[in-house]
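Colleague: Please take a close look at one part of this model, the surroundings of the ligand, and describe what lies there and next to it. Please add what should be kept in mind about the rest of the chain.

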Amino acid sequence: MDSYKFANIVINRPIEGPFTYSIPGSLKEDVKTGSVVEVSFGNKVVIGYVVGLSYKCDIEKIKPINNLVDKKLCLVPDILELTKWISNYYYSSWGEAISAAVPGVLKKSISGKRHRKEKQEDQIPEFEFIDGSDTHLTPNREQQEALDSIMGSMDARSHRVFLLHGVTGSGKTEVYLQSIAHALKLGLSSIILVPEISLTPQIVARFKSRFGDKIAVLHSKLLGSKRASEWHRINSGEAQIVIGARSAVFAPVKNLGLVVVDEEHETSYKQEDAPRYNARDAAIKRAEISKAIVILGSATPSLESFYAAKNGQFTLIELSERIDSRLLPAVDIVDMREEMTRAKKVPIFSQKLREWIEKDISERKQVILFLNRRGFSTFINCRKCGYVIKCKRCSVSLTYHFDKKKLVCHHCNFNMEPPEICPECNAAYLKYWGLGTEKVESELNRFFPQATIARMDTDSTHKRGSHDKVLSKFKDGHIDIIIGTQMIAKGLDFPKVTLVGVISADTALNLPDFRSAERTFNLLTQVAGRAGRSDLGGRVIIQSYTPQHYSIQAAKTHDYNTFYDKEISLRKELYLPPFCHMVSLTLRGRKEERVFKVSDNLKASLEKEIKSKNIDILGPAPAPISKMKGMYRWNIFLRSETIENIIPTLKKALDKNKSSGVIITVDVDPC
Ligand code: ADP
Ligand code: ZN
């Protein structure tokens with residue numbers, strides 16, 4: 001048979017394609033569907049992905065493929081199909097979607113350039129374990145039922161999605177581990193997705209100690225060469241278990257049998273740049289393509305997943321008790337309005353929180369305090385004229401950072417010396433308001449001079465490895481109190497932590513976002529889970545100015561079902577996900593007039609294109625942060641029962657409104 005003469009190629013640009021190139025004689029043997037190649041595009045040489053081959057081509061002037069990137073690098077049909085789905089569903093080009101599936105280092109290592117010598121690998125902190133030393137625990141009744149159901153589906157090689165709902169410590173991870181072992185026995189591979197792998201070293205350690213070197217770990221801190229070698233270990237079938245963050249959903253495993261998505265509700269599964277996919281939903285799609293099982297695990301499932309489980313689309317498995325029957329920590333909610341009246345100022349710590357910190361550290365127990373805001377003061381204004389010091393490029397107030405003695409924009413990193421007088425009216429009455437982790441740290445030092453205090457946020461852990469250092473010091477008991485942002489909310493398991501304090505439960509609640517109640521409930525539940533992990537018991541103190549809010553009340557009683565019932569009825573009433581799907585359009589540009597004009601035109605085109613009544617259009621309206629990095633931003637939202645309803649209409653309207661000076665991004669199922 002004649003060999004193929006032409007290849008259909010897509011590239012990592014927001015252009016659809018595929019484009020046809022000829023295959024030069026020297027590459028005839030090696031270019032296949034899935035190959036990664038170099039091609040000339042415009043006047044540049046770019047990486048291209050071969051998505052199809054043909055014998056004939058109608059175009060006359062045709063360019064040849066320049067080069068094959070690496071003979072061994074070839075995407076399997078599953079991944080091509082998955083990326084095709086991603087490009088259709090999330091409105092990206094196929095080339096962009098494939099590019100997300102291939103680690104950058106593999107695309108580079110090839111183009112002839114040599115890597116500069118890499119620095120010593122930055123390890124995930126090693127929690128003591130011995131590779132492959134750990135063995136199965138005997139499942140309890142609920143775990144056994146879960147495993148029977150999961151293994152049964154796996155044996156039948158039928159695709160099915162399980163939602164494993166259980167509080168922290170209910171034995172979910174043990175169910176993952178034994179399901180993976182069963183897959184191995186059947187000769188099937190597994191992928192385990194975790195939200196942010198560098199923040200969950202203990203989980204990785206547990207998997208390694210159970211499965212040893214059958215595991216490949218993919219995480220963002222891996223340097224190039226290590227990343228490439230892990231990828232090749234997976235690709236060759238040497239590693240049959242892959243654990244990693246978002247992009248591990250594209251791991252080139254063979255015979256996929258199981259995908260686990262731990263903490264499936266986490267928003268970090270959503271990629272912020274094109275392709276804006278949600279790794280949980282991509283995982284379900286990948287498993288469907290490979291006829292594999294999915295286990296979504298969470299103590300606080302997303303409304304979408306729990307709704308799907310209630311509808312019978314997913315299979316719900318509940319682990320209703322903690323393994324050791326240990327009680328969940330007692331949660332106290334402190335009404336900060338009363339504290340304020342009593343203290344006659346805005347207090348940082350309520351009396352109750354102060355007393356409990358005092359007590360616990362005097363007994364050499366440990367305390368975690370949580371506040372989801374960095375910096376010292378988050379808001380500076382002039383007492384005379386009211387002027388607020390804002391970023392010149394973004395419509396947000398600047399945060400004062402005491403460490404750097406600078407005002408910093410948390411969106412674009414712009415920074416400046418704090419002025420001594422008001423830039424507007426020259427009065428010397430600048431007042432610093434608002435509370436960040438730096439200020440809590442300094443107040444802690446003032447109140448508890450005897451305690452050793454550490455802060456953990458992106459400012460304090462900027463340097464490689466410092467995050468791990470703080471954690472191991474904490475673990476060894478050299479730190480009494482940690483104050484941190486959501487960085488400390490996840491996965492940490494320290495038996496001597498008896499007290500968790502939430503400085504303000506209201507920060508997430510006040511965001512202009514329909515998921516704010518869900519986020520608040522999740523965060524509080526997760527933070528609370530850091531307390532009381534041993535016989536020392538535990539207590540959680542939540543400070544709030546809106547203590548009666550149902551998300552806070554439900555967190556008090558650890559009551560997911562009550563929260564879900566309340567929230568789902570609100571979503572239904574307001575026609576919000578999971579009752580619809582949304583697409584958010586952001587238009588941005590340097591000229592406000594122009595951005596508004598294009599938004600208006602786009603809306604008009606959308607209205608014209610909508611043939612049936614099944615799509616809602618909301619907006620245009622200024623984005624919650626209406627100016628960022630010097631660009632004015634407007635939003636339009638589309639809602640419908642399915643994304644498939646929206647896409648064709650959207651595509652037509654966008655094609656009609658291409659406009660220089662205004663960039664339009666499309667975010668499907670925004671988080
Ligand atoms: P989760 O993932 O829901 O937080 P884990 O699987 O981590 O729960 O289990 C919590 C603790 O209980 C772990 O220390 C684990 O080793 C232990 N454990 C889990 N299952 C069992 C079991 N069947 N028998 C004994 N201990 C168990
Ligand atoms: Zn800025």
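**Surroundings of ligand 1**

Modeller: Ligand 1 is surrounded by 15 residues, of which T138, Q143, G169, T173 and R206 are the closest. This is a predicted model, and the distances that follow are to be read as such.

Three polar contacts can be described, each made to an oxygen atom of the ligand. R206 takes part through its side chain, with an N or O atom 2.6 Å from an oxygen atom of ligand 1. G169 takes part through its backbone, where an N or O atom lies 2.7 Å from a ligand oxygen. S170 also uses a backbone N or O atom, at 3.3 Å from an oxygen atom of ligand 1.

Two of the closest residues, T173 and R206, also belong to the contact between two helices, T173 in α5 and R206 in α6. A pair of packed helices is described by the distance between the axes and the angle between them. For α5 (residues 172–185) and α6 (residues 201–211), the axes come within 11 Å and cross at roughly 35°. The crossing is right-handed. On the α5 side the contact is made by T173, E174, Y176, L177, Q178, I180, A181 and L184, and on the α6 side by R206, F207, R210 and F211. By character, these residues comprise seven nonpolar, two polar and three charged.

As for confidence, the mean pLDDT of the protein is 90, with 95% of residues at 70 or more. The stretch 109–128 is an exception to be noted, with pLDDT below 50; it has 30 contacts in the model beyond near neighbours in sequence. Predicted coordinates should not be read in detail where pLDDT is low.

Elsewhere in the chain, some backbone features deserve a check. The peptide bond between G17 and P18 is cis, with omega about -10°, and P18 sits in the loop between β1 (6–11) and β2 (19–22). Another cis peptide bond runs from P577 to P578, with omega near 5°; P578 is in the loop between α17 (560–573) and β24 (581–589). K405, a residue other than glycine, has a positive phi near 55° and lies in the loop between β16 (399–401) and β17 (406–408).

Definitions and conventions
Residues numbered from 1 in each chain as written. Chains lettered and ligands numbered in written order. Predicted model: local features only at pLDDT ≥ 70, side-chain atom pairs only at ≥ 80, totals over all residues. Heavy atoms only, no water. Axes fitted to C-alpha atoms, helices over the stretch in contact; angles between N-to-C directions. Helix = DSSP H or I, 4+ residues; strand = E, 2+ residues; numbered from the N terminus. Left-handed = near helix turned anticlockwise from the far one by under 90°. Contact = heavy atoms within 4.5 Å. Nonpolar A, V, L, I, M, F, W, Y, C, P; charged D, E, K, R; others polar. pLDDT = per-residue confidence, 0-100. Near = heavy atom within 4 Å. Polar contact = N/O pair within 3.5 Å; in protein donor to acceptor, adjacent residues only side chain to side chain.
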